[in-house]
Amino acid sequence: MQHYILAFATLLVSGLPNVFAADVTWEHDVRPLLKQHCFHCHGELGEIEGGLDLRLHKLLVKGGDSGSAIVPGDSGASLLLQRMTAGEMPPDEDKLLSPAEIETIQKWIDAGAVILEEEPDEIGDGPFFTSAERNYWAFQPIERPDVPQASPEQRCRTPIDELILASNEGHPGFAPDADRAKLLRRASLDLTGLPPSTEMLDRVLADTSPDWWDKVIEELLASPHYGERWARHWLDVAGYADSEGYTDDDRIRPHAWRYRDYVIRSFENDKPFDQFIQEQLAGDELANWTGGDLTEQQIEQLTATGFLRMAPDGTASGGINPTEARNQVVADTLQIVGSSLLGMTMHCAQCHDHRYDPIPQADYYALRAVFEPAMNWKSWRSPPQRQISLYTAADREAASEIEAQAKAVEKERSEKAQEFITLTLEEELLLIPEDERDATRTAYRTAKKERTAEQVALLKKHPTVASISVGSLYLYDRRRADRARKIDAERKQKEVRFVEETRTAALAKVPEEKRSAVETALKIAPEKRTAEQNELLAAFPATQVTLESLAQFNPEAAEELKRDESLAAELRANQTAERLKEYQQKAAEIRKKKPNEGFLRALQEPAGKVPQTFVFYRGDPEQPKDVVPPRDLTILGERSEIPDNVDNLPTSGRRLAFARQLTDGTHPLLARVIANRIWLHHFGRGIVNTPGDFGRLGDRPTHPELLDWLAAEFQSSGWSVKDLHRVIMKSTAYRQSSVASAAAVTVDADNVMYSRFPVQRMESETIRDTILAVTGKLNAKRFGDPIPVMEDSVGQIVLGKENLDGERKPVDQVDLNGEEFRRSIYIQVRRTRTFSMFEAFDAPAMTPNCEIRSTSTVAPQSLFFMNSATIVEFSNFFADRLLREAPEGIPQQIEHAWRLAYAASPSDTEQAKAVAFVTAQQELMTKQQPDWDQARVTQEALSVFCQALLSSNRFLYIE
């Protein structure tokens, strides 16, 4: 029987073209090229230009209006190749095939135009997937692979190690374990983003128990800093930002930070990742909140939907095209979902079928249909309209009572304002002719639309009366102040004049024979007068009149001066605008007593409103075509279906159904994508090093069995991220040294086999946080409003509250009260204002999210450590800490600095060189700065040493 089967198989193979000898095949090589360059005009979305459909081999042979497109075995006679070689097809220059691609097609035709699988007789407008596409590794079910048994000398601690060794023939073996100090620093920076404390370092180095490493891992996983570190990774892929982007306005998102805090707490509490995903995709449908006080659980679930509100959103800005802006928000949201959860470039199918992956354009819009009930672009809600208040009924009642008090004050203000208007009116009427006063008063009091022509003319004649209003009272206050100053000046002149006139009148009444003697006595200082002169003047007291005695001798003049003084005082007292402002301030102070009304930046689907979703022709929302139902990727088969409506929910329930389908343990993508990301953040590169693209243009997994084992382990652990940390970090692959053996350098130069631990530079946030920690400045305050950023006077983006003058130039710095020393995850993320230090060290651009961070080595990084004001300041902080905590002397301070910066003690050689360096700095500064005392010299020398430590590769890199 076997003989006949073998003979039949031989006959079958020999009857086919030279399939197994061919280098190029239709399914694997040629069809993907045609799909990339040609399907959009020849087969996709019903477009069949020239009657030529290129989606099937048999259709190429059949040809179009010009005849057969190919002649198997003869590329020279093949019209398709002729047109491609001539640059006529495709007609768009941007889509022309490269010479190498044309050569691939030529080889395929000359080899007989080989196909590997049977094709259908016909193909409609729906998707057609080849077996190569259906069997693509990322779309296969996740199955836990068998773990091969390794020999004891291979030092395998976990299945991870065994799978790595089994995947790489000729593996040179793992490097020896890293020493404890380096391993502790690696793990601490890895899990918490901070270096270990010297106390922890001493404790771990002294621990002789066999489970010392397990205890280290558990202690770090229990740290409150763990959630802050690992939340940052997720916030990258979620596209977290504290501003809207899209327009130059880049409006602030005042409540986005609650989603950030939700993510931190979720990682800290090891929330099962399936629940984490469900809440972010459909927290509003889980909460099922229809009004009333929110429970803590509902707040958490609604906050989670901030994930779907992270895309740039300029729909509240002016000067935009609403249709474009709204649809761009939806498109960016789908891009974030696709790259973060599916590991697929879904956005590449927005305008046409995906050029490389089996994602038809209809699939893109079917996924959009999952989200469109909550993001209906035709019934759009801008960011402020989507906010959900956190007020409770009690808060509203208290706020209502306080508001009533404030309104009562405002009512008083309104009444007082009318008094002031009347006062001002009467004052101004006194300044116009008396015979026009009554008519002008009547005209002013008459409603504007009811005034006669005569009244309008009268008010035009007297604009200072016509302009009186609550808003202009301050102008009349200025007029009063001016009048008061004028009255005061005139009164001063009157005082002199009235005294002189009174004295002159008194002299005129002195008998003529005594007048000369009186005048002479008045010219003499009182203390120098004779008794006779004093007696003479006493007989005529009015001749000695002064301003103080004016009322005695000229009561009318004194009364006039008193009236002037009273009038000026009254004018000054009637500063009406200031008095009204006091009422406003009082009302504002009352309102400050209201309970703080927080808001959630959330996504909430309105009940009972489910719009139809259309495929947009070429991605244009103004050209809708076919209606599509909600579903996952068609390539996934039956499991892709999603119900239009879930009966037990007031909303469509589509997002909840999609989230549960993603996390039911059978979806081939999600667990692989997340497990790969976790591995990426431990080792610096992913098993698939394009974590947001598991498709054809992305990298293939270097260790596919390991990836599937991790994904299966992740799901079987109850989707526990912390359990996956434990599994990875207990492996020899993780615990090994970063130093390559001679064999590893030869066999595994790029460390693809994990023959040593990959050396990694710290990310921008970790660099800053580590500097804060070692210098003793770290503010451990958690959660809440972000630390603001602003542009300084030279255009750098720094921490601080913007305080600008009238020309929008920075003025006095606003004290942040220590907030500037909080961890980097709490720094405001502005899409148009990246914190300058972070930008230098490759902070991600959220456009709309960051799938993987790059690592560069550029001059601004060195310049930052060499001469930036920031690093100089923190070097001083570091030196102050050494003086404070190790006052014994330079050797002890160097030892302490080394342990803080590197989590290790210096060797004897390192210690000696460091002491010599600091001593040399002291001598230099003593010569250059003779006025400095010894304490200042020591501090400055230590600061230079500290700057050298912070600038070193040993500090910046994780070994």
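Is E501, with a relative accessible area of 41%, buried, partly exposed or exposed? In this predicted model, E501 counts as partly exposed, and its salt bridge is the subject of the first close-up below.

**Close-up 1. A salt bridge between E501 and R497 within helix α22.** The side chains of E501 and R497 meet with an N to O distance of 3.6 Å. Both residues belong to helix α22, which spans residues 473-508, and because they are four residues apart there, about one helical turn separates them. R497 is partly exposed, its relative accessible area being 40%.

**Close-up 2. A salt bridge between D723 and R726 in helix α31.** The closest N and O atoms of D723 and R726 are 2.5 Å apart, and the two residues lie three residues apart, about one turn, in the helix formed by residues 721-729. With a relative accessibility of 29%, D723 counts as partly exposed.

**Close-up 3. A salt bridge between E268 and R782.** The structure holds 66 salt bridges, and in the one shown here the side chains of E268 and R782 meet at 2.5 Å, N to O. E268 lies in helix α12 (residues 257-268), whereas R782 lies in the loop between α34 (764-774) and β6 (789-791), so the pair ties together parts that are 514 residues apart in sequence. E268 is partly exposed at a relative accessible area of 23%, and R782 is likewise partly exposed, at 25%.

**Close-up 4. A network of salt bridges that includes E268 and R782.** Through salt bridges that share partners, E228, E268, R768, D769, R782 and R823 are joined into one network.

Technical notes
Residues are numbered from 1 along each chain as its sequence is written. This is a predicted model: local features need pLDDT of at least 70, side-chain atom pairs count only at pLDDT 80 or more; totals for chains, interfaces and linings use all residues. Side-chain values use heavy atoms; hydrogens and water are left out. A salt bridge is a side-chain nitrogen of Lys or Arg within 4 Å of a carboxyl oxygen of Asp or Glu. Buried means under 20% relative accessible area, exposed over 50%, partly exposed in between (1.4 Å probe, protein chains only).
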